[in-house]
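Trainee: I would like a close look at one strand and at what surrounds it. Please give the cut-offs as the terms come up.

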Amino acid sequence: MKPSRLKAGDEIRIIAPSRSLAIVKGEQRRLAEERLMELGFKVTYGNTALVHDDFFSNSIEDRIEDLHDAFRDPNVKGIFTAIGGYNANQLLRYIDYDLIKENPKVLMGYSDITAILLAIYKKTGLTTYPGPHFSTFGMKAELEYTMEYFKKAVLQVEDFYLEPSETWSDDSWHLEQDDRTFHTNSGYMVIQEGEATGTIIGGNLCTINLLQGTEYMPSLKDSILFIEDDEESHPFSFDRDLQSLLQLPDASGIKGIVIGRFQKESGMTDYALQEIISTKKEINGIPVIANANFGHVHPFVTVPVGAKAVMNVKNGKVTVNVLS
């Protein structure tokens, strides 16, 4: 089940199902709203998006009500999350999945929001979108690539290829917008070659693993798995988190894997990642690439969970095509 594509004039609702929007600087919020309005969107906010407790989040009841209200309101066509965090999975048993199934809309965010995106896809079949938070649109510099793929995924109807960005940055841009370092992007790292077609499933790896053994975990059968992790990850934790995922009963059905570029603080190196993948006999013979524009390193793509993708990795060359 695919939501309608967004278009100029649509209302976008900003909600905070993880950390509060209050954690985002006022200037960043202003710029994010301005960017969305330049695309022709009307921007509105959940009633409690700015409310926060001692953990800079909000009560389950308030967060659920804002989520439900956004899906219930016929004027709202897209729902963007404010920012990530740690506790989005608190909401899963309280979500009215029938309400969402009856009112399909674009829902987008990343990091901790992975839990909600995958749970809704599993329970309703609705395509959801690992992509920029509302706060991401408040980035002053080098937002063009992120914006381009946001448009490809949720505004346009054509298939699109995931091409590497020209540069990448791991700066704490939300703390310092005017002093940033951009590195030349050498493109995808090929770890294993092959061809694959499958359904896109993915998001933040450690958050995906929170869903294991629950009714909210999507099947990995016939999937193209997109995974990434943040600066709190490191080679040892990534190794065991990936191993845990590959031990799921349907993980033998994974057709290909796309790994997002790691943040520098993680300590992951190309060599370490290649060594980790080499120990995973479960995925021998399928294409695996890394250093993709997916996850916590900027800029990044928006991908539709539930859509089909085609990977072709041969002779060191990579194409990843997302089908509309």
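Mentor: What follows takes the strand, then its sheet, then a helix, two single residues and the salt bridges.

This is a predicted model, in which local features need pLDDT of at least 70 and side-chain atom pairs count only at pLDDT 80 or more, while totals for chains, interfaces and linings use all residues. Residues are numbered from 1 along each chain as its sequence is written, and side-chain values use heavy atoms, with hydrogens and water left out.

The strand is E14, residues 308-314. Strands (E, at least two residues) and helices (H or I, at least four) are DSSP runs numbered from the N terminus. The side chains of E14 alternate between two faces. On one face Ala-309, Met-311 and Val-313 are buried; on the other, Lys-308, Val-310, Asn-312 and Lys-314 are not buried. Buried means under 20% relative accessible area, exposed means over 50%, and partly exposed is in between, with a 1.4 Å probe and protein chains only.

E14 has strand E10 (residues 194-204) as a partner, and two strands count as paired if DSSP finds at least two bridges between them. E10 and E14 run antiparallel and are joined by six bridges; within this pairing, Thr-199 has Lys-308 as its bridge partner. Six bridges also join E14 to strand E15 (residues 317-322), again in the antiparallel sense. Here Val-313, from the buried face of E14, has Val-318 in E15 as its bridge partner. E14 and E15 make a hairpin with two residues between them, and Asn-315 in that turn has a positive phi of about 50°.

The strand is part of an open sheet of eight strands with mixed pairing, in the order E6-E15-E14-E10-E11-E12-E13-E9. At the edges are strand E6 (160-161) and strand E9 (189-192), each of which pairs on one side only. E9 pairs with strand E13 (residues 288-292) over three antiparallel bridges, and Gln-192 stands opposite Val-288 of E13.

Helix H8 (residues 270-278) also belongs in the picture. Its buried residues are Ala-272, Leu-273, Ile-276 and Ile-277. Seen down the axis of H8, they fall within an arc of 130°, so they line one face of the helix; the arc is that of the directions from the helix axis to the C-beta atoms. An α-helix has 3.6 residues a turn, so residues three or four places apart point the same way. The cover over the buried residues of H8 includes E9, E13, strand E12 (254-260) and H7.

Helix H7 (residues 235-246) holds Asp-241, which is buried at a relative accessible area of 17%. Asp-241 touches Leu-205, Cys-206, Asn-209 and Asp-229, not counting residues up to four places away in sequence; contact means heavy atoms within 4.5 Å. Its C-alpha is 30 Å from that of Met-1, and the two are 240 residues apart in sequence. Thr-136, in the loop between E5 and H5, is buried at 1% relative accessibility. With residues up to four places away left out, Thr-136 touches Tyr-110, Leu-143, Thr-146, Trp-173, His-298 and Phe-300.

Back at E14, the end residue Lys-314 meets Glu-195 of E10 in a salt bridge, at 3.7 Å from N to O. A salt bridge is a side-chain nitrogen of Lys or Arg within 4 Å of a carboxyl oxygen of Asp or Glu. The pair links distant parts of the chain, 119 residues apart. Glu-195 is exposed at 51% relative accessibility, whereas Lys-314 is partly exposed at 42%.

The count comes to 16 salt bridges. One of them joins Asp-178 and Lys-140, with the closest N and O atoms 3.5 Å apart. Asp-178 is in the loop between strand E7 (167-168) and strand E8 (183-184), while Lys-140 is in the loop between strand E5 (129-130) and helix H5 (144-154), 38 residues apart. Asp-178 is exposed at 62% and Lys-140 is partly exposed at 44%. Another joins Asp-10 and Lys-7, at 3.4 Å between the closest N and O atoms; Asp-10 is buried at 5% relative accessibility, but Lys-7 is exposed at 52%. There is also a network of salt bridges that links Glu-11, Arg-13, Glu-65, Asp-69, Arg-72 and Asp-73.
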